[in-house]
Amino acid sequence: MSTKFTLPPLPYAYDALGPYMSAETLEYHHDKHHQAYVTNGEKLLEGSGLEILPLEDIVKESYGKNAGLFNNAGQHYNHVHFWNWMKPNGGGNKLPGKLQAAIDSDLGGFDKFRADFIAAGTTQFGSGWAWLSLKNGKLEVSKTPNGESPLVHGGKPILGVDVWEHSYYIDYRNARPKYLEAWFDNLVNWDHVELMFEEAKA
Ligand code: MN3
């Protein structure tokens, strides 16, 4: 038995996230960029000795040891979740109750969390991601370069936003902060974040 990387279909139509994320962006991002991580990851997994592991463990085990595999497996993991962290008519400030309570106690409330998350994405120099994760039982906002995620820093990601230019350049050109604000306020699927929060606590 071996792990197979497969490209999951988008959980909504390509034009479902407009005007905040266009069909053109999603076609390139999902069909070309994510597909490339899957295709290259599959090749690099072969003979790596990690073939039988689940994806999360491939990411953790290849970190710092097998850069080619890590970059592609890490990005595959990140994107599998990224599509589900968005939905049409998402965003807003009405969060599921347990998640809201944890944000209040760990992160100083919704407004501070929103500002800190957007600042993390804005200040990530070059390609990378901004994150909300659970680490040692507490929520944490962080940023990572390239294909890294909190998985390799002892945390469990429950929300992440892609700040590689391929995620926003067609729709926002160089205006990364505008992309992050629009993404956070209009696209986040908070029910899915709550679901991953519950799984991370289990
Ligand atoms: Mn991407």
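Is His29 buried or exposed? Hold that thought for point 1. The model is predicted.

1. **His29.** His29 is buried, since its relative accessible area is 0% and the cut-off for buried is under 20%. Asp162 is buried as well, with a relative accessible area of 0%. Both residues turn up again at the metal.

2. **The manganese site.** Four protein residues supply donors to the manganese ion: His29 (NE2), His79 (NE2), Asp162 (OD) and His166 (NE2). They lie 1.9 to 2.1 Å from the ion. Along the chain, the donors follow the spacing H-x49-H-x82-D-x3-H. His29 sits in helix α1 (residues 23-45), while Asp162 sits in strand β3 (residues 156-162). These two are 133 residues apart, so the pair links distant parts of the chain.

3. **Helices α1 and α3.** Look next at how these two helices meet. Their axes come within 8 Å and cross at roughly 140°. That angle makes α1 oblique to α3. The crossing is left-handed. On the α1 side, the residues in contact include Leu26, His29, His30 and Tyr37. On the α3 side, they include His76, His79, Phe82 and Trp83. Note two of these names: His29 and His79 are also donors of the manganese ion.

4. **The sheet.** Three strands form an open sheet in the order β2-β1-β3, with antiparallel pairing. Strands β2 and β3 stand at the edges. Each has a single partner strand, so one side of each lacks a neighbour in the sheet. On average, neighbouring strands are turned by 20° against each other, direction ignored. Strand β3 also carries Asp162, one of the donor residues.

5. **The hairpin.** Strand β1 (residues 128-135) pairs with strand β2 (residues 138-145) over 8 bridges, in the antiparallel sense. Leu134 stands opposite Leu139 in β2. Lys135 stands opposite Lys138 in β2. The two strands form a hairpin, with 2 residues between them. In the turn, Asn136 has a positive phi of about 50°.

6. **Helix α7.** Which residues of helix α7 (residues 176-186) are buried? They are Arg176, Tyr179, Leu180, Ala182, Trp183 and Phe184. In an α-helix, residues three or four places apart point the same way, because there are 3.6 residues a turn. The buried residues of α7 pack against four helices and a strand: α3 (67-84), α5 (110-123), α6 (169-172), α8 (190-201) and β3. Two of these partners have appeared before: α3 meets α1, and β3 holds Asp162.

Conventions: Residues numbered from 1 in each chain as written. Predicted model: local features only at pLDDT ≥ 70, side-chain atom pairs only at ≥ 80, totals over all residues. Heavy atoms only, no water. Donors = N, O, S within 2.8 Å, 3.2 Å for Na, K, Ca; no water. Buried < 20%, exposed > 50% of the residue type's maximum accessible area, 1.4 Å probe, protein only. Contact = heavy atoms within 4.5 Å. Pairing = 2+ DSSP bridges. Axes fitted to C-alpha atoms, helices over the stretch in contact; angles between N-to-C directions. Parallel < 35°, antiparallel > 145°, perpendicular 65-115°, else oblique. Left-handed = near helix turned anticlockwise from the far one by under 90°.
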